[in-house]
Amino acid sequence: MCWVKKFSDVPECTEFFLNGSTPNLPGILVNGTVPDQNRYKPICQLFKYMKQKVVYNTYRFATLYDTTNRIPVFSAYTFTGVGSSGKRPVTWMIEPQLDGGEEPVMILEKQGVTYTHQAVNQDYDIDGKNKKVNKGHMFPKSFAHQPVIQSSTFTLTNAVPQVKTFNGGSWGTMECNVRKILLKQCLDNNVIKAYVVTGAVPSKSNNNKLNNRVNIPDIMWTAYCCYNSVKKEWMAKAHWGVNQEEPNKQVLDPHPLSDLYDMLKQHYPGGDVQVFADQCPRGSSQKEREKSREREVGSGDVSRKGLMECDEDCKCVSL
């Protein structure tokens, strides 16, 4: 099945979490269990493709989906390098089992079927331009190693309504800068591997919706953790930003995991917040923060002159 009671129900799904340890978000996902099974659905994202006339079904990443807000809480995935960029589809897929379908894999919407527990392409087509939002990846295409994995990211259970200038501005630039760091720093005996979790904090306003159905999140966040065998240490950093118009381009500075956890506690109160297993360092010194920040913004100049604007394929231009 694609959506399950626990991520651990599918052994292949646990591989997207360090040590198989899922995030801890009070009231939503606690010790690997979802308290509200009716609202939040763990999805092991299964993708079907054909190669040399043989059909393959492969798990590509994991998503915790909020069927009330019709957006993901987070998507968890592994970064193993980058490859050639595949073609972007016009129509995104959906998860049929969220609305009683029997298909075990992500598919295109079917004519005459009403999808009440998830977003559909029409939600974005009807109201996306008016709200100035587009489909914002949780697991971005640019972080997928092969074209077939890139294709699997184009499912609406892996997307939120993201303000276009934020998506193409500070968020897109941050993703591309992080990608460079993962390629250089997340090397375990010359093998690239990092664990990444990207999530969204939903808006509390009933009016902040796309097509009066899909919540437009207030905040988007992402964090990574990996092992560097040269330095013989685990590395982790986090970023987040407000999902709003950016008339003046912003820079999303790197933060230690502890800062991310403190931020998320404000939105998920009632217990401890944790995204990664314990070996991922939660904090860092001021000196380490400055070095990390320099790696991500180049010279450290955060003025408009030093900024870039990047699309979801990490094609960037100077502003």
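## A walk through the strands, a helix and two salt bridges

At 37% relative accessibility, K193 counts as partly exposed, because the buried label is kept for values under 20% and the exposed label for values over 50%. Keep in mind as you look around that this is a predicted model. You'll find K193 in the loop between β7 (191-192) and β8. Leaving out residues up to four places away in sequence, K193 touches T78, F79, C186 and C226. There is also C225 to look at: it sits 32 residues from K193 along the chain, yet the two C-alpha atoms are separated by 9.2 Å.

From K193, let's step over to strand β3, which covers residues 71-79. How many of its residues are buried? Nine of its nine are, so to speak, tucked away, and the strand is mostly covered. Strand β3 pairs with β8 (residues 194-201) through six bridges, and the two run antiparallel. One spot to find by eye is F79, which stands opposite A194 in β8.

Now follow β8 along to T198, which is found in that strand. Is T198 buried or exposed? With a relative accessible area of 1%, T198 is buried, because anything under 20% falls in that class. Its company includes V73, F74, S75 and Y77, and T198 is also in contact with M138, W171, W221 and T222, leaving aside neighbours within four places in sequence. With M138 there is a polar contact too: the backbone oxygen of M138 lies 3.4 Å from a polar atom of the T198 side chain.

Which residue of β11 stands opposite T198? That would be T222. The C-alpha atoms of T198 and T222 are 4.1 Å apart in space, while 24 residues separate the two in sequence. This pair belongs to a longer run of pairing, as seven bridges join β8 to β11, again antiparallel.

Strand β11 takes in residues 219-228, and nine of its ten residues are buried, so the rest of the structure largely encloses it. On to its pairing with β12: ten bridges join these two antiparallel strands. Within that pairing, W221 has W240 in β12 as its bridge partner. Between β11 and β12 the hairpin has four residues, and K232 there takes a positive phi near 55°.

Just past β12 comes N243, in the loop between β12 (233-242) and α4 (257-265). N243 is buried, with a relative accessible area of 8%. What does its side chain meet? A polar atom of the N243 side chain lies 3.1 Å from the backbone oxygen of P161, and the backbone oxygen of P217 is 3.0 Å from a polar atom of that side chain. Not counting residues up to four places away in sequence, N243 touches P161, Q162, V163 and F166, along with I216, P217, D218 and I219.

F166 leads us into helix α3, which spans residues 164-185. The helix has 22 residues and reaches 30 Å from its first C-alpha to its last, close to the 32 Å expected at 1.5 Å a residue. Where does α3 bend? Look at W171, where the bend is about 45°. W171 has come up already, as one of the residues in contact with T198. In α3, 17 of the 22 residues are buried, so the helix is largely enclosed by the rest of the structure.

Last stop: charged pairs. Side chains of opposite charge can pair when their charged atoms come close. The structure holds two salt bridges. In one of them D66 pairs with R39, with the closest N and O atoms 2.9 Å apart. This pair links distant parts of the chain: D66 is in strand β2 (residues 54-66) and R39 is in the segment before β1 (40-51), 27 residues away. The two partners don't share a surface class, though: D66 is buried at 3% relative accessible area, whereas R39 counts as partly exposed at 25%.

The other salt bridge joins R213 and D123, and its closest N and O atoms are 2.9 Å apart. R213 lies in the loop between β9 (209-210) and β10 (214-215), while D123 is in helix α1 (residues 121-131), so the pair ties together parts that are 90 residues apart in sequence. D123 is buried, with a relative accessible area of 1%.

Conventions:
Residues numbered from 1 in each chain as written. Predicted model: local features only at pLDDT ≥ 70, side-chain atom pairs only at ≥ 80, totals over all residues. Heavy atoms only, no water. Expected span 1.5 Å × (residues − 1). Bend = angle between axes of the 7 residues up to and from the residue. Buried < 20%, exposed > 50% of the residue type's maximum accessible area, 1.4 Å probe, protein only. Pairing = 2+ DSSP bridges. Polar contact = N/O pair within 3.5 Å; in protein donor to acceptor, adjacent residues only side chain to side chain. Contact = heavy atoms within 4.5 Å. Salt bridge = Lys/Arg side-chain N within 4 Å of Asp/Glu carboxyl O.
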